[in-house]
Amino acid sequence: MALAASRREETGLGARGGRIETLSCAIAAACRATLMLAALLLGWLAVGLAPASAQLFQSTAPQAILIDVATGSVLYEHNADELVPPASLAKLMTAELLFNAIHEGRLTLDSEITISEHAWRTGGAPSRSSTMFAALGSRIKISDIIPGIVVLSGNDACIAVAEAMAGDEATFGRIMTERARKLGLAKSTFTNPTGLPDPGMKVTMREIAELSEHLIKAYPEFYPYFGMKDFTWNKIKQSNRNPLLGMDIGADGLKTGETDDSGFALAGSAVQDGRRLIVAISGLKTARDRAGEARKLLEWGFRSFESRTLFEANTPIADVKVFGGASFSVPVVAASPVRALVPRGSADTITAKVVYHGPLAAPVKAGTVVGKLEVMRGKMLAVSVPVQVMQDVPIGPLHERALQAIWEWAGDYIRSKLPKRFT
């Protein structure tokens with residue numbers, strides 16, 4: 001069933017100036033009830049959010065997020081957008097750049113990297129930090145450098161990669177941040193490949209979770225490295241620092257981190273019954289606290305939620321306005337089914353809205369992405385997916401375009417005369 005439409009003017013621009021139109025409705029969490037329209041005439045007509053559901057779980061982690069990969073649903077979050085030091089979680093971005101270089105053919109698994117004196121002294125045995133114990137001046141294949149980074153958290157391995165790919169750590173740090181922006185990580189900033197303390201390096205747990213999801217999806221051939229229980233180099237066997245791998249919860253990666261500034265942090269993923277969850281937490285006081293909170297979050301997520309389909313693929317979600325077209329509106333759809341995870345047995349209401357820049361200017365071509373569908377559970381954004389135009393809208397006859405212009409002008413004029421509380 002299509003989502004009932006209403007509109008909001010945010011920018012106050014003219015008819016073709018790109019207002020943000022918002023189409024909203026309330027959806028029963030069980031998806032049995034009809035989609036409901038709640039609007040204010042000529043005003044802010046997004047549906048008022050339903051009262052937040054009773055919090056089913058509270059983590060002691062100062063920053064935390066739990067997401068379901070298949071649906072994109074956020075199951076739990078607390079200070080997930082707060083900028084914090086990443087510690088060794090920064091190595092996830094180092095690994096991403098290394099994997100990407102192999103994908104693009106700039107490196108191979110047989111390529112060798114030299115351990116410089118800087119890499120050895122700053123991140124190797126003399127540093128007394130996490131290290132793969134690479135020998136000074138040794139040349140190591142990428143196939144061994146990867147577990148040195150993701151299993152052993154070797155600072156020497158990370159620095160050697162940075163020097164090989166960018167010349168020095170600072171330049172590599174800038175490349176890390178540039179790559180983060182290309183991946184859609186808008187807040188996180190990296191300054192070195194190791195995560196060793198630097199006041200300019202900050203990340204959010206939401207973006208660490210998003211980066212983790214990217215690593216899992218984009219590099220399935222490399223992701224198994226994160227699940228290795230141990231790795232031996234230079235005749236020294238070390239265990240993977242990820243405590244989730246030793247628990248019987250389906251965990252298969254990713255990374256831990258810890259500094260005085262960050263506290264104990266972790267990005268982890270687990271699969272049960274075909275469902276993959278990703279957890280990212282930071283700021284815990286002890287390694288035991290970190291392991292316990294990560295496990296509790298994952299177990300709660302698997303136990304307490306079920307998937308519901310809100311909209312089928314290519315099924316009309318809402319009609320968005322078109323200016324100058326053969327029709328006044330056009331349906332928008334999602335390219336794949338829109339699903340969300342909701343608490344089992346819950347009667348809570350969730351809300352949805354389509355947000356787009358409009359009215360759309362004709363002609364409009366079918367398949368053009370014009371906005372996004374946002375599904376809220378209480379005050380939390382549960383799912384956000386792009387929506388696209390369902391069918392072509394050609395330019396309309398001159399008399400219809402003139403009529404639309406008159407209606408747009410009249411609407412703008414009336415809104416400009418209304419008290420602010422109505423606009």
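Helix α7 (residues 287-304) lies across β2, β3, β8, β9 and β10 and runs at about 150 degrees to β10, where helices (H or I, at least four residues) and strands (E, at least two) are DSSP runs numbered from the N terminus, and where axes are lines fitted to C-alpha atoms, for helices over the stretch in contact, with angles from 0 to 180 degrees between N-to-C directions. This is a predicted model, in which local features need pLDDT of at least 70 and side-chain atom pairs count only at pLDDT 80 or more, while totals for chains, interfaces and linings use all residues. Residues are numbered from 1 along each chain as its sequence is written, and side-chain values use heavy atoms, with hydrogens and water left out.

The strands beneath this heading belong to an open sheet of 5 strands in the order β3-β2-β10-β9-β8, with antiparallel pairing; two strands pair if DSSP finds at least two bridges between them. The edge strands, each pairing on one side only, are β3 (74-78) and β8, and the twist averages 5 degrees from one strand to the next. Two of the pairings are set out here.

| Strand pair | Sense | Bridges | Opposite residues |
|---|---|---|---|
| β2 and β10 | antiparallel | 6 bridges | I65 and A280 |
| β8 and β9 | antiparallel | 8 bridges | T256 and L266 |

β8 and β9 form a hairpin with 3 residues between them. Although β8 is an edge strand, 7 of its 9 residues (251-259) are buried, so β8 is largely enclosed by the rest of the structure; buried means under 20% relative accessible area, exposed over 50% and partly exposed in between, with a 1.4 Å probe and protein chains only.

The largest nonpolar core has 62 residues, of which I146 and F226 touch the most other members; such a core is a set of buried Ala, Val, Leu, Ile, Met, Phe, Trp, Tyr and Cys residues joined through side-chain atoms within 4.5 Å. Among the elements that give two or more residues to this core are β2 (63-68), α3 (142-150) and β10 (275-284), and α1 gives the most, with 8 residues. Leaving aside neighbours within four places in sequence, F226 is in contact (heavy atoms within 4.5 Å) with residues including L92, A95, F99 and L254. A second, separate core of 27 residues includes L310, V370, A382 and V393.

The axes of α1 and α5 come within 10 Å and cross at roughly 80 degrees; these helices are therefore roughly perpendicular to each other, a term that covers 65 to 115 degrees, with angles under 35 counted as roughly parallel, over 145 as roughly antiparallel and the rest as oblique. M93, T94, E96, L97 and N100 in α1 meet F172, I175, M176, R179 and A180 in α5.
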